Amino acid sequence: MRPPDGSQPVLLVVGGCGGLVGRAVLAEFSRDHRIRSVHRHAAPGEATAGVDWVPADVARVRDWAPLLEGVATVLNLAWYRHGSARRFRPLAAGLLRLVDAAQRAGVPRFVHVSVPDAPASLEQGLPYLAFKRSVDRALESSSLPYAILRPTMLFGERDRLLTVMLRTMLRYRRFPMFGEGRYHVSPLAAADLARILRQESERGARTNRVVGGPQRWVYRDLTDRMFGILGAVPRYVRLSPASSVRLARLMETLGSSRLYAYEVEWLLSDRLGPPAYEGLAQPLAAVEPFLHEEAARLRGRAPSVAA
Ligand SMILES: NC(=O)c1ccc[n+]([C@@H]2O[C@H](COP(=O)([O-])OP(=O)(O)OC[C@H]3O[C@@H](n4cnc5c(N)ncnc54)[C@H](OP(=O)(O)O)[C@@H]3O)[C@@H](O)[C@H]2O)c1
(Lines give C-alpha, C1' and ligand atoms only; values in the text may rest on other atoms or scores of the structure.)
Protein backbone atom coordinates (compact mmCIF):
# COMPACT_ATOMS: atom_id res chain seq x y z
CA MET A 1 0.00 0.00 0.00
CA ARG A 2 1.24 3.49 -0.85
CA PRO A 3 1.83 5.71 2.21
CA PRO A 4 -0.52 8.72 2.29
CA ASP A 5 1.14 11.84 0.95
CA GLY A 6 -0.27 14.90 2.72
CA SER A 7 1.04 17.25 0.02
CA GLN A 8 -1.10 15.72 -2.72
CA PRO A 9 -4.58 17.07 -3.53
CA VAL A 10 -7.46 14.87 -2.43
CA LEU A 11 -9.78 13.47 -5.10
CA LEU A 12 -13.12 12.14 -3.88
CA VAL A 13 -14.33 9.51 -6.35
CA VAL A 14 -18.04 8.94 -5.83
CA GLY A 15 -18.79 5.52 -7.32
CA GLY A 16 -15.21 4.43 -6.71
CA CYS A 17 -12.43 2.95 -8.82
CA GLY A 18 -13.85 -0.52 -9.46
CA GLY A 19 -15.95 0.19 -12.57
CA LEU A 20 -14.86 0.79 -16.16
CA VAL A 21 -14.29 4.54 -15.78
CA GLY A 22 -13.17 4.22 -12.16
CA ARG A 23 -10.32 1.86 -13.05
CA ALA A 24 -9.07 4.32 -15.67
CA VAL A 25 -9.42 7.19 -13.19
CA LEU A 26 -7.34 5.25 -10.68
CA ALA A 27 -4.57 4.74 -13.27
CA GLU A 28 -4.68 8.40 -14.29
CA PHE A 29 -4.93 10.14 -10.92
CA SER A 30 -3.29 7.88 -8.34
CA ARG A 31 0.26 9.05 -9.11
CA ASP A 32 -0.40 12.62 -7.99
CA HIS A 33 -3.59 12.51 -5.93
CA ARG A 34 -4.73 11.00 -2.69
CA ILE A 35 -7.93 9.20 -3.57
CA ARG A 36 -10.88 8.80 -1.24
CA SER A 37 -13.61 6.69 -2.76
CA VAL A 38 -17.21 6.02 -1.85
CA HIS A 39 -18.90 2.92 -3.20
CA ARG A 40 -20.30 -0.40 -2.08
CA HIS A 41 -18.12 -3.33 -3.18
CA ALA A 42 -14.38 -3.79 -2.59
CA ALA A 43 -12.33 -2.93 -5.68
CA PRO A 44 -9.05 -4.91 -5.84
CA GLY A 45 -7.07 -2.13 -7.58
CA GLU A 46 -7.92 0.37 -4.85
CA ALA A 47 -6.24 -1.57 -2.05
CA THR A 48 -2.90 -1.82 -3.88
CA ALA A 49 -3.01 1.86 -4.87
CA GLY A 50 -3.57 2.99 -1.29
CA VAL A 51 -7.04 4.39 -1.89
CA ASP A 52 -9.00 5.34 1.18
CA TRP A 53 -12.23 3.41 0.60
CA VAL A 54 -15.38 4.49 2.40
CA PRO A 55 -17.78 1.57 1.95
CA ALA A 56 -21.20 3.14 1.45
CA ASP A 57 -24.19 3.29 -0.82
CA VAL A 58 -24.44 6.86 -2.15
CA ALA A 59 -28.20 6.68 -1.66
CA ARG A 60 -27.67 6.24 2.08
CA VAL A 61 -25.12 8.96 2.73
CA ARG A 62 -27.03 11.59 4.72
CA ASP A 63 -24.13 13.86 5.63
CA TRP A 64 -21.42 14.38 3.03
CA ALA A 65 -19.53 17.04 4.99
CA PRO A 66 -17.00 14.68 6.68
CA LEU A 67 -16.25 13.01 3.34
CA LEU A 68 -15.64 16.39 1.70
CA GLU A 69 -13.07 17.55 4.24
CA GLY A 70 -9.87 18.64 2.48
CA VAL A 71 -11.20 17.58 -0.93
CA ALA A 72 -9.83 19.46 -3.95
CA THR A 73 -11.99 17.70 -6.55
CA VAL A 74 -15.18 15.67 -6.41
CA LEU A 75 -15.58 13.26 -9.32
CA ASN A 76 -18.91 11.51 -9.62
CA LEU A 77 -19.15 8.24 -11.52
CA ALA A 78 -21.89 6.45 -9.60
CA TRP A 79 -24.83 5.30 -11.68
CA TYR A 80 -26.63 2.09 -12.63
CA ARG A 81 -26.94 0.88 -16.19
CA HIS A 82 -30.55 -0.11 -15.78
CA GLY A 83 -33.39 0.04 -13.32
CA SER A 84 -36.70 1.46 -12.22
CA ALA A 85 -37.46 4.81 -10.61
CA ARG A 86 -37.38 2.99 -7.27
CA ARG A 87 -33.72 2.25 -7.89
CA PHE A 88 -32.66 5.60 -9.34
CA ARG A 89 -34.62 8.01 -7.11
CA PRO A 90 -32.63 7.36 -3.90
CA LEU A 91 -29.30 7.38 -5.77
CA ALA A 92 -30.13 10.71 -7.42
CA ALA A 93 -31.28 12.07 -4.03
CA GLY A 94 -27.91 11.07 -2.51
CA LEU A 95 -26.11 12.85 -5.36
CA LEU A 96 -28.26 15.96 -4.95
CA ARG A 97 -27.29 16.03 -1.27
CA LEU A 98 -23.66 15.73 -2.40
CA VAL A 99 -23.99 18.72 -4.75
CA ASP A 100 -25.58 20.72 -1.99
CA ALA A 101 -22.92 19.79 0.57
CA ALA A 102 -20.08 20.45 -1.91
CA GLN A 103 -21.50 23.89 -2.52
CA ARG A 104 -21.70 24.62 1.20
CA ALA A 105 -18.16 23.32 1.74
CA GLY A 106 -16.85 25.44 -1.13
CA VAL A 107 -15.29 22.46 -2.95
CA PRO A 108 -12.93 23.90 -5.61
CA ARG A 109 -13.95 21.52 -8.44
CA PHE A 110 -16.81 19.17 -9.19
CA VAL A 111 -16.63 16.82 -12.16
CA HIS A 112 -19.61 14.70 -13.13
CA VAL A 113 -19.85 12.02 -15.80
CA SER A 114 -23.19 12.04 -17.55
CA VAL A 115 -24.45 10.79 -20.90
CA PRO A 116 -25.11 12.25 -24.39
CA ASP A 117 -28.53 13.50 -25.50
CA ALA A 118 -31.18 10.85 -26.08
CA PRO A 119 -34.59 10.90 -27.81
CA ALA A 120 -37.14 13.01 -25.90
CA SER A 121 -39.26 9.96 -25.01
CA LEU A 122 -36.26 8.43 -23.20
CA GLU A 123 -35.12 11.71 -21.68
CA GLN A 124 -38.49 12.15 -20.03
CA GLY A 125 -39.78 8.62 -19.56
CA LEU A 126 -36.74 6.54 -18.67
CA PRO A 127 -35.67 6.69 -15.01
CA TYR A 128 -32.02 6.08 -16.02
CA LEU A 129 -32.05 9.37 -17.95
CA ALA A 130 -34.63 11.47 -16.13
CA PHE A 131 -32.84 11.08 -12.78
CA LYS A 132 -29.41 11.54 -14.39
CA ARG A 133 -30.59 14.85 -15.81
CA SER A 134 -31.84 15.94 -12.39
CA VAL A 135 -28.24 15.67 -11.17
CA ASP A 136 -26.90 17.46 -14.28
CA ARG A 137 -29.37 20.31 -13.71
CA ALA A 138 -28.59 20.59 -9.98
CA LEU A 139 -24.93 21.08 -10.81
CA GLU A 140 -25.67 23.62 -13.52
CA SER A 141 -27.81 25.67 -11.19
CA SER A 142 -25.28 25.46 -8.33
CA SER A 143 -22.50 27.98 -7.79
CA LEU A 144 -19.87 25.22 -8.06
CA PRO A 145 -17.06 25.26 -10.62
CA TYR A 146 -18.33 22.15 -12.39
CA ALA A 147 -17.50 20.14 -15.48
CA ILE A 148 -20.16 17.79 -16.84
CA LEU A 149 -18.64 15.40 -19.36
CA ARG A 150 -21.00 13.29 -21.44
CA PRO A 151 -19.08 10.55 -23.23
CA THR A 152 -20.55 8.25 -25.81
CA MET A 153 -19.86 4.47 -25.87
CA LEU A 154 -16.67 3.74 -23.89
CA PHE A 155 -14.22 0.93 -24.45
CA GLY A 156 -11.60 -0.63 -22.25
CA GLU A 157 -10.70 -3.89 -20.60
CA ARG A 158 -13.82 -5.66 -19.29
CA ASP A 159 -16.18 -3.14 -20.90
CA ARG A 160 -19.74 -4.26 -21.34
CA LEU A 161 -20.36 -3.12 -24.91
CA LEU A 162 -17.65 -3.77 -27.52
CA THR A 163 -16.15 -6.71 -25.65
CA VAL A 164 -19.57 -8.32 -25.28
CA MET A 165 -20.27 -7.69 -28.99
CA LEU A 166 -16.99 -9.38 -29.96
CA ARG A 167 -17.71 -12.33 -27.72
CA THR A 168 -21.18 -12.73 -29.25
CA MET A 169 -19.75 -12.63 -32.80
CA LEU A 170 -17.08 -15.18 -31.93
CA ARG A 171 -19.50 -17.52 -30.25
CA TYR A 172 -22.43 -17.42 -32.67
CA ARG A 173 -20.67 -16.28 -35.88
CA ARG A 174 -23.71 -14.08 -36.35
CA PHE A 175 -24.78 -10.77 -34.93
CA PRO A 176 -28.13 -8.97 -34.79
CA MET A 177 -28.23 -5.90 -37.03
CA PHE A 178 -30.68 -3.28 -35.83
CA GLY A 179 -32.27 -1.72 -38.91
CA GLU A 180 -29.81 -0.87 -41.66
CA GLY A 181 -26.99 -0.06 -39.27
CA ARG A 182 -26.41 3.32 -40.93
CA TYR A 183 -26.37 5.29 -37.64
CA HIS A 184 -23.07 6.31 -36.05
CA VAL A 185 -20.91 5.59 -33.02
CA SER A 186 -17.62 7.22 -31.99
CA PRO A 187 -16.14 4.97 -29.30
CA LEU A 188 -13.88 6.60 -26.74
CA ALA A 189 -11.23 4.80 -24.65
CA ALA A 190 -11.98 4.88 -20.92
CA ALA A 191 -8.31 5.84 -20.42
CA ASP A 192 -8.82 8.89 -22.66
CA LEU A 193 -11.94 9.83 -20.73
CA ALA A 194 -9.85 9.79 -17.54
CA ARG A 195 -7.36 12.20 -19.17
CA ILE A 196 -10.24 14.41 -20.31
CA LEU A 197 -11.69 14.41 -16.79
CA ARG A 198 -8.33 15.60 -15.47
CA GLN A 199 -8.00 18.31 -18.11
CA GLU A 200 -11.55 19.60 -17.71
CA SER A 201 -11.33 19.55 -13.92
CA GLU A 202 -8.16 21.65 -14.05
CA ARG A 203 -9.85 24.24 -16.24
CA GLY A 204 -12.41 24.86 -13.51
CA ALA A 205 -14.84 26.32 -16.07
CA ARG A 206 -18.56 25.75 -15.79
CA THR A 207 -18.87 23.45 -18.75
CA ASN A 208 -21.12 20.74 -20.16
CA ARG A 209 -19.64 18.79 -23.06
CA VAL A 210 -20.56 15.75 -25.11
CA VAL A 211 -17.42 13.76 -25.78
CA GLY A 212 -16.63 11.42 -28.67
CA GLY A 213 -13.67 9.27 -29.66
CA PRO A 214 -11.31 9.85 -32.60
CA GLN A 215 -13.34 8.15 -35.32
CA ARG A 216 -17.02 8.45 -36.16
CA TRP A 217 -17.99 5.02 -37.45
CA VAL A 218 -21.07 4.00 -39.36
CA TYR A 219 -22.25 1.29 -36.95
CA ARG A 220 -22.34 -1.41 -39.57
CA ASP A 221 -18.82 -0.60 -40.77
CA LEU A 222 -17.64 -1.06 -37.20
CA THR A 223 -19.38 -4.42 -36.80
CA ASP A 224 -18.01 -5.53 -40.21
CA ARG A 225 -14.55 -4.54 -38.97
CA MET A 226 -15.07 -6.48 -35.76
CA PHE A 227 -15.96 -9.63 -37.70
CA GLY A 228 -12.86 -9.00 -39.85
CA ILE A 229 -10.65 -8.71 -36.76
CA LEU A 230 -12.05 -12.04 -35.57
CA GLY A 231 -11.12 -13.50 -38.97
CA ALA A 232 -14.78 -14.13 -39.79
CA VAL A 233 -17.13 -13.12 -42.59
CA PRO A 234 -19.78 -10.65 -41.33
CA ARG A 235 -23.11 -12.42 -40.95
CA TYR A 236 -26.14 -10.63 -39.61
CA VAL A 237 -29.58 -11.45 -38.40
CA ARG A 238 -31.42 -8.45 -39.83
CA LEU A 239 -34.12 -6.93 -37.64
CA SER A 240 -36.38 -3.98 -38.28
CA PRO A 241 -35.95 -1.12 -35.77
CA ALA A 242 -39.22 -2.09 -34.03
CA SER A 243 -38.24 -5.78 -33.82
CA SER A 244 -34.80 -4.78 -32.51
CA VAL A 245 -36.34 -2.90 -29.60
CA ARG A 246 -38.80 -5.76 -28.99
CA LEU A 247 -35.97 -8.31 -28.92
CA ALA A 248 -33.97 -6.22 -26.45
CA ARG A 249 -37.09 -5.79 -24.30
CA LEU A 250 -37.66 -9.55 -24.31
CA MET A 251 -34.05 -10.18 -23.27
CA GLU A 252 -34.49 -7.59 -20.52
CA THR A 253 -37.67 -9.28 -19.30
CA LEU A 254 -35.85 -12.61 -19.22
CA GLY A 255 -33.27 -11.05 -16.93
CA SER A 256 -30.41 -10.58 -19.42
CA SER A 257 -28.06 -7.62 -18.87
CA ARG A 258 -26.40 -7.89 -22.29
CA LEU A 259 -28.48 -5.24 -23.94
CA TYR A 260 -31.32 -3.00 -22.86
CA ALA A 261 -34.16 -1.74 -25.02
CA TYR A 262 -33.29 1.91 -24.30
CA GLU A 263 -29.74 1.28 -25.56
CA VAL A 264 -31.10 0.02 -28.89
CA GLU A 265 -33.45 3.01 -29.19
CA TRP A 266 -30.60 5.38 -28.41
CA LEU A 267 -28.35 3.74 -30.99
CA LEU A 268 -31.08 3.84 -33.64
CA SER A 269 -31.68 7.54 -32.92
CA ASP A 270 -28.16 8.30 -34.24
CA ARG A 271 -27.09 10.37 -31.25
CA LEU A 272 -24.11 8.26 -30.19
CA GLY A 273 -21.60 9.48 -32.75
CA PRO A 274 -20.54 12.88 -31.40
CA PRO A 275 -17.37 14.53 -32.72
CA ALA A 276 -13.99 13.75 -31.22
CA TYR A 277 -12.90 15.57 -28.08
CA GLU A 278 -10.20 18.04 -29.01
CA GLY A 279 -7.52 19.44 -26.79
CA LEU A 280 -5.59 16.58 -25.20
CA ALA A 281 -1.82 16.71 -25.61
CA GLN A 282 -1.74 13.18 -27.02
CA PRO A 283 -4.06 11.75 -29.68
CA LEU A 284 -7.17 9.84 -28.64
CA ALA A 285 -6.77 6.06 -28.86
CA ALA A 286 -8.36 4.40 -31.89
CA VAL A 287 -10.66 1.47 -31.22
CA GLU A 288 -9.08 -1.01 -33.64
CA PRO A 289 -5.91 -1.88 -31.64
CA PHE A 290 -8.17 -2.51 -28.65
CA LEU A 291 -10.40 -4.78 -30.73
CA HIS A 292 -7.35 -6.73 -31.92
CA GLU A 293 -6.16 -7.20 -28.35
CA GLU A 294 -9.59 -8.27 -27.13
CA ALA A 295 -10.07 -10.64 -30.07
CA ALA A 296 -6.68 -12.23 -29.35
CA ARG A 297 -7.55 -12.51 -25.67
CA LEU A 298 -10.90 -14.10 -26.46
CA ARG A 299 -9.18 -16.60 -28.73
CA GLY A 300 -6.60 -17.17 -26.00
CA ARG A 301 -3.48 -15.99 -27.76
CA ALA A 302 -1.28 -12.89 -28.11
CA PRO A 303 -2.12 -10.28 -30.77
CA SER A 304 -0.62 -11.05 -34.18
CA VAL A 305 1.96 -8.71 -35.76
CA ALA A 306 -0.58 -7.78 -38.41
CA ALA A 307 -2.79 -6.43 -35.63
N1 LIG B 1 -19.62 2.77 -19.89
C2 LIG B 1 -20.03 3.64 -20.81
O3 LIG B 1 -19.99 3.37 -22.04
C4 LIG B 1 -20.52 5.01 -20.39
C5 LIG B 1 -20.85 5.94 -21.39
C6 LIG B 1 -21.32 7.19 -21.01
C7 LIG B 1 -21.40 7.54 -19.66
N8 LIG B 1 -21.09 6.61 -18.71
C9 LIG B 1 -21.22 7.02 -17.32
O10 LIG B 1 -19.95 6.91 -16.69
C11 LIG B 1 -20.13 6.60 -15.30
C12 LIG B 1 -19.29 5.37 -14.96
O13 LIG B 1 -19.70 4.34 -15.85
P14 LIG B 1 -19.01 2.90 -15.84
O15 LIG B 1 -19.23 2.32 -17.19
O16 LIG B 1 -17.65 2.99 -15.27
O17 LIG B 1 -19.99 2.16 -14.85
P18 LIG B 1 -19.69 0.93 -13.89
O19 LIG B 1 -18.56 0.11 -14.44
O20 LIG B 1 -20.99 0.28 -13.63
O21 LIG B 1 -19.19 1.67 -12.56
C22 LIG B 1 -20.05 2.47 -11.81
C23 LIG B 1 -19.63 2.37 -10.37
O24 LIG B 1 -20.59 3.08 -9.59
C25 LIG B 1 -20.67 2.47 -8.33
N26 LIG B 1 -22.03 2.64 -7.84
C27 LIG B 1 -23.19 2.35 -8.49
N28 LIG B 1 -24.23 2.60 -7.70
C29 LIG B 1 -23.74 3.05 -6.53
C30 LIG B 1 -24.32 3.45 -5.30
N31 LIG B 1 -25.65 3.42 -5.10
N32 LIG B 1 -23.51 3.85 -4.30
C33 LIG B 1 -22.16 3.86 -4.46
N34 LIG B 1 -21.56 3.50 -5.59
C35 LIG B 1 -22.34 3.09 -6.62
C36 LIG B 1 -20.35 0.99 -8.53
O37 LIG B 1 -19.46 0.57 -7.51
P38 LIG B 1 -19.98 -0.40 -6.32
O39 LIG B 1 -20.70 -1.52 -6.98
O40 LIG B 1 -18.72 -0.79 -5.60
O41 LIG B 1 -20.87 0.45 -5.47
C42 LIG B 1 -19.64 0.94 -9.88
O43 LIG B 1 -18.31 0.45 -9.81
C44 LIG B 1 -21.62 6.40 -15.09
O45 LIG B 1 -22.16 7.57 -14.57
C46 LIG B 1 -22.14 6.15 -16.50
O47 LIG B 1 -23.49 6.57 -16.63
C48 LIG B 1 -20.63 5.36 -19.04
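**Exercise 1. Determine how helix H7 and helix H12 are oriented to each other, and which residues meet between them.**

*Solution.* Helices H7 and H12 are oblique to each other. To see how this follows in the predicted model, begin with the axes of H7 (residues 162-172) and H12, which come within 10 Å and cross at roughly 50°. An angle counts as roughly parallel under 35 degrees and as roughly perpendicular from 65 to 115, so that a value outside these ranges and not over 145 is oblique. The next step is the hand, and the crossing of H7 and H12 is right-handed. Finally, the residues that meet are Leu-162, Thr-163, Leu-166, Arg-167 and Leu-170 in H7 and Leu-291, Glu-294, Ala-295 and Leu-298 in H12. By class, this contact of H7 with H12 has six nonpolar, one polar and two charged residues.

**Exercise 2. Describe the packing of helix H9 with helix H12 in the same manner.**

*Solution.* Helix H9 (residues 219-229) and helix H12 (residues 287-299) have their axes 10 Å apart and pack at an angle of about 40°. That angle makes H9 oblique to H12. As to hand, H9 passes H12 in a right-handed crossing. On the side of H9 the contact involves Arg-225, Met-226 and Ile-229, which meet Glu-288, Leu-291, His-292 and Ala-295 in H12. Divided by class, the residues of the contact of H9 with H12 are four nonpolar, one polar and two charged. Leu-291 and Ala-295 of H12 thus appear in the contact with H9 and also in the contact with H7.

**Exercise 3. Classify the arrangement of helix H4 and helix H6, and give the make-up of their contact.**

*Solution.* The axes of helix H4 (residues 85-105) and helix H6 (residues 127-140) come within 9 Å, crossing at roughly 10°. This makes H4 roughly parallel to H6. H4 contributes Ala-85, Phe-88, Arg-89, Ala-92, Leu-95, Leu-96 and Val-99 to the contact, while H6 contributes Pro-127, Tyr-128, Phe-131, Ser-134, Val-135, Ala-138 and Leu-139. Sorted by class, the contact of H4 with H6 has 12 nonpolar residues, one polar and one charged.

**Exercise 4. Work out the order of the strands in the seven-stranded sheet, and place helix H1 against it.**

*Solution.* Seven strands in the order E3-E2-E1-E4-E5-E6-E11 form an open sheet with parallel pairing. The edges are strand E3 (52-55) and strand E11 (207-211), each of which pairs on one side only. From one strand to the next the twist averages 15°. Taking one pair within the sheet, strand E5 (residues 109-113) and strand E6 (residues 146-151) run parallel and are joined by four bridges; Phe-110 stands opposite Tyr-146 in E6. Helix H1 packs on the sheet, where H1 touches strand E1 (10-14), strand E2 (34-39), strand E4 (71-76) and E5, and the direction of H1 makes about 175° with that of E1.

**Exercise 5. Characterise the shell of residues around the ligand.**

*Solution.* There are 24 residues around the ligand, of which Gly-15, Gly-19, His-39, Arg-40 and Trp-79 come nearest. When the shell is traced to its elements, the largest share, three residues, comes from helix H1 (residues 20-29), the helix that packs on the sheet. By class, the shell has 15 nonpolar, seven polar and two charged residues.

Key
Residues are numbered from 1 along each chain as its sequence is written. This is a predicted model: local features need pLDDT of at least 70, side-chain atom pairs count only at pLDDT 80 or more; totals for chains, interfaces and linings use all residues. A residue is near a molecule or strand if its C-beta atom, placed from the backbone, lies within 6 Å of it. Helices (H or I, at least four residues) and strands (E, at least two) are DSSP runs, numbered from the N terminus. Ala, Val, Leu, Ile, Met, Phe, Trp, Tyr, Cys and Pro count as nonpolar, Asp, Glu, Lys and Arg as charged, and the others, Gly among them, as polar. Axes are lines fitted to C-alpha atoms, for helices over the stretch in contact, and angles run from 0 to 180 degrees between N-to-C directions. Two residues are in contact if their C-beta atoms, placed from the backbone, lie within 7 Å. A crossing is left-handed if the near helix is turned anticlockwise from the far one by less than a right angle, and right-handed if clockwise. Two strands pair if DSSP finds at least two bridges between them.
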